[in-house]
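Here are my notes from going through the model you sent. Keep the viewer open while you read.

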Amino acid sequence: MSEPGFRFCDELGPKAILHVHEPAPGLQAIVVVDNVAAGPAIGGVRMAPDVTLEECFRLARAMTFKNAAAGLAHGGGKSVIVADPTMERSKKETLIRAFACAIGPIADYIPGPDMGTDEVAMAWVKDEIGRAVGLPREIGGIPLDEIGATGFGVVASAEVAADHIGLDMAGARVAVQGFGAVGKHAARFFADKGAVLVAASDSRGTVHDPAGLDVDALITLKESGGHVADLPEGEKLVGEAIVGVDCDVWIPAARPDVIRADNAGEVKAKLVVQGANIGVTEEAEALLAERGIVCLPDFISNAGGVICAAVEYHGGTQAQAFETIDEKIRANTAEVLDRAKSAGILPRAAAIAMAGERVRTAMAFRRWG
Ligand code: NAD
């Protein structure tokens with residue numbers, strides 16, 4: 001058996017794994033630089049008490065595929081800090097700055113925000129080592145959650161897939177699970193296309209109205225600290241009932257594994273477009289396909305955020321970010337659906353093949369690494 005420290009290694013990576021232990025600030029962190037053939041790795045910094053090397057590696061590999069699929073000049077990486085993100089702000093700043101100093105020499109890893117970190121944390125990292133993405137607007141950042149970069153890409157992806165299956169977006173009935181940074185903006189961009197939001201949920205409940213919900217009223221409600229089920233109009237549903245709502249397009253934009261083998265049969269939509277990461281299990285993706293439901297892979301449809309981060313890194317503007325997201329996500333969605341159709345395989349298998357080919361081609365241009 002090979003030395004266990006190399007257990008994740010395959011033909012694509014990881015190029016390097018760094019364990020950081022800095023006793024004075026109490027920092028324990030792991031950085032996985034998976035593959036940098038296309039360019040320096042972009043990947044978020046996740047802070048949580050229970051993060052592991054395995055999780056960090058899987059997320060880094062997912063970023064290799066997401067960045068390659070998006071056609072960015074960036075490889076994939078990820079880092080995790082073992083700590084409670086709700087700690088006192090001054091302690092968090094010390095920890096993040098210590099983390100930044102530790103990763104400073106890893107020039108081919110560009111950190112971004114992820115669960116437990118935000119644009120302020122990225123500003124601290126930038127201040128220490130001169131590089132980070134997902135920065136505050138005041139220092140050249142494009143606030144991707146505020147502008148709805150990922151939701152915008154989700155809708156672009158949905159529009160291409162709708163064309164593919166002969167579904168008209170004008171009048172299409174949409175259900176969004178998770179009315180947060182991704183979901184609420186997706187609802188807004190769907191409404192701009194003439195689609196009708198028939199159900200929306202958050203962690204407290206679901207509101208449903210087959211005649212259509214007022215998207216602006218829901219966004220105002222959420223932004224004032226309320227919940228979607230506080231909307232006076234519409235029927236209120238509980239639990240996972242939104243999965244079975246009668247609609248044309250279903251958007252997971254909350255937690256992982258919300259459509260699984262045990263509830264995939266309830267889905268009535270013709271199209272499932274993943275805003276969330278791994279919102280649909282692989283088993284469920286196969287079951288949906290058997291019923292003729294097209295399910296777009298997460299790393300194709302939800303790449304708007306990382307595309308926006310890459311545009312920011314290269315000094316681009318917000319308008320250029322939207323233009324790049326639109327162009328790349330539309331092209332990739334079309335290619336994935338064409339490949340899936342001609343090879344008779346699932347969109348996810350087609351997307352992995354497409355991303356893998358791009359990584360291997362980029363690797364062939366290099367002497368190594
Ligand atoms: P967020 O915290 O802003 O929003 C999440 C929303 O989901 C909240 O409204 C929350 O109440 C709701 N929610 C939580 N549990 C729920 C449940 N069980 N049922 C229904 N709703 C529930 O997070 P976000 O940034 O919008 O991210 C959502 C998902 O999209 C995550 O899986 C994230 O990894 C993924 N994602 C986000 C981005 C991005 O740019 N923010 C990019 C790619 C992928």
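Where is Ile278 found? I'll answer that in the first point, and then work through the rest of the fold. Keep in mind throughout that this is a predicted model.

1. **Ile278 and Asp257.** Ile278 sits in the loop between S11 and helix H8 (282–290). Its phi is near 40 degrees, a positive value in a residue other than glycine. At 42% relative accessibility, Ile278 is partly exposed. Asp257 is another one to check: its phi is positive too, about 55 degrees, and it is not a glycine. You'll find Asp257 in the loop between S10 and strand S11 (271–273), partly exposed at a relative accessible area of 37%. Most residues other than glycine have a negative phi, and most peptide bonds are trans.

2. **A cis peptide.** Have a look at the bond between Gly13 and Pro14, which is cis, with omega at about -5 degrees. Pro14 belongs to the segment before S1.

3. **The five-stranded sheet.** This one is open, with mixed pairing, and its strands come in the order S1-S2-S4-S3-S5. At the edges are strand S1 (16–22) and strand S5 (109–113), each pairing on one side only. From one strand to the next the twist averages 20 degrees. Inside the sheet, strand S3 (residues 41–48) and strand S4 (residues 76–82) run parallel and are joined by five bridges. If you want a landmark for the register, Ile42 stands opposite Gly76 in S4.

4. **Helices on that sheet.** Helix H1 (residues 53–69) lies across S1, strand S2 (27–35), S3 and S4, at about 150 degrees to S4. Helix H2 (residues 89–103) lies across S1, S2, S3, S4 and S5, and runs at about 45 degrees to S2.

5. **The seven-stranded sheet.** Here the order is S9-S8-S7-S6-S10-S11-S12, again in an open sheet with mixed pairing. Strand S9 (235–237) and strand S12 (294–296) each have a single partner strand, so one side of each is left without a neighbour in the sheet. Neighbouring strands are turned by 15 degrees against each other on average, direction ignored.

6. **S6, S10 and the helix on top of them.** Strand S6 (residues 173–177) and strand S10 (residues 249–252) run parallel, with four bridges between them. Val176 has Ile251 as its bridge partner in S10. Helix H6 (residues 181–192) packs on the sheet, touching S6, strand S7 (196–202) and S10, and its direction makes about 170 degrees with that of S6.

7. **Gln177: buried or exposed?** Gln177 is in strand S6, and it counts as buried because its relative accessibility is 9%, under the 20% cut-off. Not counting residues up to four places away in sequence, its contacts include Trp250, Ile251, Pro252 and Ala253, along with Ser201 and Ile242.

8. **The nonpolar cores.** The largest nonpolar core has 58 residues, and those touching the most other members are Phe179, Phe190, Leu197, Leu218 and Ile251. Helix H5 (residues 149–165) gives the most to this core, with eight residues. Apart from it lies another core, of 26 residues, with Leu27, Val33, Val36 and Val45 among them. Back in the largest core, Phe179 is worth a click: leaving aside neighbours within four places in sequence, the residues in contact with it include Ala187, Leu197, Leu218, Ile219 and Val228, as well as Lys184 and Asp202.

9. **Helix H11.** Helix H11 (residues 318–343) has 26 residues and reaches 37 Å from its first C-alpha to its last, close to the 38 Å expected at 1.5 Å a residue. Among its buried residues are Phe322, Ile325, Ile329, Val336 and Leu337, and also Lys328 and Asn332. Just after H11 comes Gly344, with a positive phi of about 65 degrees.

10. **Cysteines.** How many disulfides does the structure hold? Zero. For Cys247, the closest cysteine sulfur is in Cys295, 13 Å away, and that is too far for a bond. Cys247 is buried, with a relative accessible area of 1%, and Cys308 is buried as well, at 0%.

Definitions and conventions. Residues are numbered from 1 along each chain as its sequence is written. This is a predicted model: local features need pLDDT of at least 70, side-chain atom pairs count only at pLDDT 80 or more; totals for chains, interfaces and linings use all residues. Side-chain values use heavy atoms; hydrogens and water are left out. A disulfide is a pair of cysteine sulfur atoms within 2.5 Å. Buried means under 20% relative accessible area, exposed over 50%, partly exposed in between (1.4 Å probe, protein chains only). A nonpolar core is a set of buried Ala, Val, Leu, Ile, Met, Phe, Trp, Tyr and Cys residues joined through side-chain atoms within 4.5 Å. Helices (H or I, at least four residues) and strands (E, at least two) are DSSP runs, numbered from the N terminus. Contact means heavy atoms within 4.5 Å. Two strands pair if DSSP finds at least two bridges between them. Axes are lines fitted to C-alpha atoms, for helices over the stretch in contact, and angles run from 0 to 180 degrees between N-to-C directions. The expected span of a helix is 1.5 Å times one less than its number of residues.
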